[in-house]
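Reader: I should like to go through the helix packing and the charged pairs of this protein. May I see the sequence and the structure before we begin?

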Amino acid sequence: MPRRHIRVTGAPEAALRDALDRLRTELGAPLAFPLGVLTEAERAARAPALPPHDATDIPFLTLDPPGAVDLDQALHLSRQGTGYRVRYAIADVAAFVVPGGPVDEEAHRRVTTLYFPDGKLPLHPAVLSEGAASLLPGRDRPAALWTLDLDADGRTRAVDLRRALVRSRTRLDYAEAQRRIDDATAEEPLALLATVGRLREALEAERGGISLSVPEQEIVEQDHGYEPTYRAPVPAEGWNAQLSLLTGMAAADLMLASGTGILRTLPPAPDGAVGRLRRVAHALRIDWPHHVSYAALVRSLDPHRPAHAAFLQECTTLLRGAGYTVFRDGRLPDITTHSAVAAPYAHCTAPLRRLADRYATELCLAAVAGETPPEGVLAALDTLPKEMAGGGRRAHAVERACVDLVEAALLKDRVGEVFEGCVVDVDDHRPTTGTVQLESPAVVGRVDGDPLPLGERLRVRLTEADPAHRTVRFARA
């Protein structure tokens, strides 16, 4: 599922980059790996546990952002009768990690890769995440190989999962993949991504699911200031995401059928959260008739338009109630679905960047084989939801602090200026304090005034923009 993407470009000595360095320290983000972790990772990189099944004859390809080297997934699509066969290879992190060893313990401490606008703090040492475990082209790699057979409408007919040795042939970024698809130069495994992706998008709409096409926000240093821009995703990113969702749904079904598993669950969004998004839409001049559902609105938005891009960024707030739900011995939980997916769903396709995925994969492998999951996997299930929740809170704190810092940096030289905005929240205990969403730039900040007309447009004056304290405040003009 998406997160807010913010990237900052500029000279290494730029003030914003320095502030991000201080922020990493302030938030206690895990920086360098301990020596013992690096030593074990280097040993594991030289001698992973290799699987018996050889699938290196399948010409897999990878699709990722430009410059990415921590490649979790590789894909190959083909026709199968009147339907399709999706082969989805996932990096087999368990082939490199000794349960209870230094790399494993450090991964449980970090839980997820943390993303900052100027770089990331990885879950695993680079010798694994960007080297021996990554599905880099031209390299034999251990993987969890999903084979998903679909009918002519894209519905799942059969699922298989096994450990296999794979070799990616081609590494593409999304823009190049989209160009090849658009100009009809893509070979069948890539060309079918558009076919299968569109079929899965139609099924998502049919079941009431929502995929957010969240743009990347780039902050560019210009003339001693910062200028915000949005990079809209190309359709190939959404089609690729549909393969990940397809696999996550298959994983959830396998675990539910076996009676033991870990799901990614999300209850329906509370009315208040959706109401706030309606006010944000109003602030950004996005027409949202009351008879139009949230899912229908999201599917109608164009992420190339700055106002729509900003709204899609705000839509990620509805995903923050998601959690991990463990069950075992056939005792299924009360909630098994993820409301945005509109189906049972599990995280299993990003094990280089997310701890839970390694365990979900092990449970699915056991389910397909009809075997009891490894004892170490079962032992970890009791504490895994709490660990993932803690990692999620830390990731959210990083995201929120980065957004606050970037917004303060954007406005630091504009104190005293007047902006058009809309009040999207009012403090229940202090009705003269609330939150305002600006129309341009699409910044959110605290606002003071009496009265504060909830949901209505008003003019506000910027009274404070302090990157050092990550604060932005406005007053009614």
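Reader: Which residues in α11 do D104, A107 and H108 in α3 meet?

Author: The model is a predicted one. A contact here requires heavy atoms within 4.5 Å. For D104, A107 and H108 of α3, the residues met in α11 are L355, R358 and Y359.

Reader: Is α3 roughly parallel or oblique to α11?

Author: The axes of α3 (residues 102–110) and α11 (residues 355–369) come within 9 Å and cross at roughly 120°. Angles of 65 to 115 degrees count as roughly perpendicular and those over 145 as roughly antiparallel. The crossing therefore makes α3, relative to α11, oblique.

Reader: By class, what residues does the contact of α3 with α11 have?

Author: The residues concerned are D104, A107 and H108 on the α3 side, and L355, R358 and Y359 on the α11 side. Asp and Arg count as charged, while Ala, Leu and Tyr count as nonpolar. By class, the contact has two charged, one polar and three nonpolar residues.

Reader: How many residues apart in sequence are the parts that the pair of R353 and D72 ties together?

Author: R353 and D72 form a salt bridge, with their closest N and O atoms 2.5 Å apart. R353 lies in the loop between β14 (343–344) and α11, and D72 in the loop between β2 (60–64) and β3 (73–80), so the parts tied together are separated in sequence by 281 residues.

Reader: Is D72 buried or exposed?

Author: Its partner R353 has 23% relative accessibility and so counts as partly exposed. Buried means under 20% relative accessible area. D72 has 0% relative accessibility and therefore counts as buried.

Reader: By about how much of the helix are R109 and E106 separated?

Author: R109 forms a salt bridge with E106, the closest N and O atoms being 2.7 Å apart. R109 counts as partly exposed because its relative accessibility is 45%, whereas E106, at 6%, counts as buried. Both belong to helix α3 and are three residues apart, so their separation is about one helical turn.

Reader: Is E206 buried or exposed?

Author: The side chain of E206 meets that of R155 in a salt bridge (2.9 Å, N to O). R155 has a relative accessible area of 37% and is therefore partly exposed. Exposed means over 50%. With a relative accessible area of 55%, E206 is therefore exposed.

Reader: How many salt bridges does the count come to?

Author: A salt bridge needs a side-chain nitrogen of Lys or Arg within 4 Å of a carboxyl oxygen of Asp or Glu. By this rule, the count of salt bridges comes to 30.

Notes. Residues are numbered from 1 along each chain as its sequence is written. This is a predicted model: local features need pLDDT of at least 70, side-chain atom pairs count only at pLDDT 80 or more; totals for chains, interfaces and linings use all residues. Side-chain values use heavy atoms; hydrogens and water are left out. Axes are lines fitted to C-alpha atoms, for helices over the stretch in contact, and angles run from 0 to 180 degrees between N-to-C directions. Helices (H or I, at least four residues) and strands (E, at least two) are DSSP runs, numbered from the N terminus. Angles under 35 degrees count as roughly parallel, over 145 as roughly antiparallel, 65 to 115 as roughly perpendicular and the rest as oblique. Buried means under 20% relative accessible area, exposed over 50%, partly exposed in between (1.4 Å probe, protein chains only).
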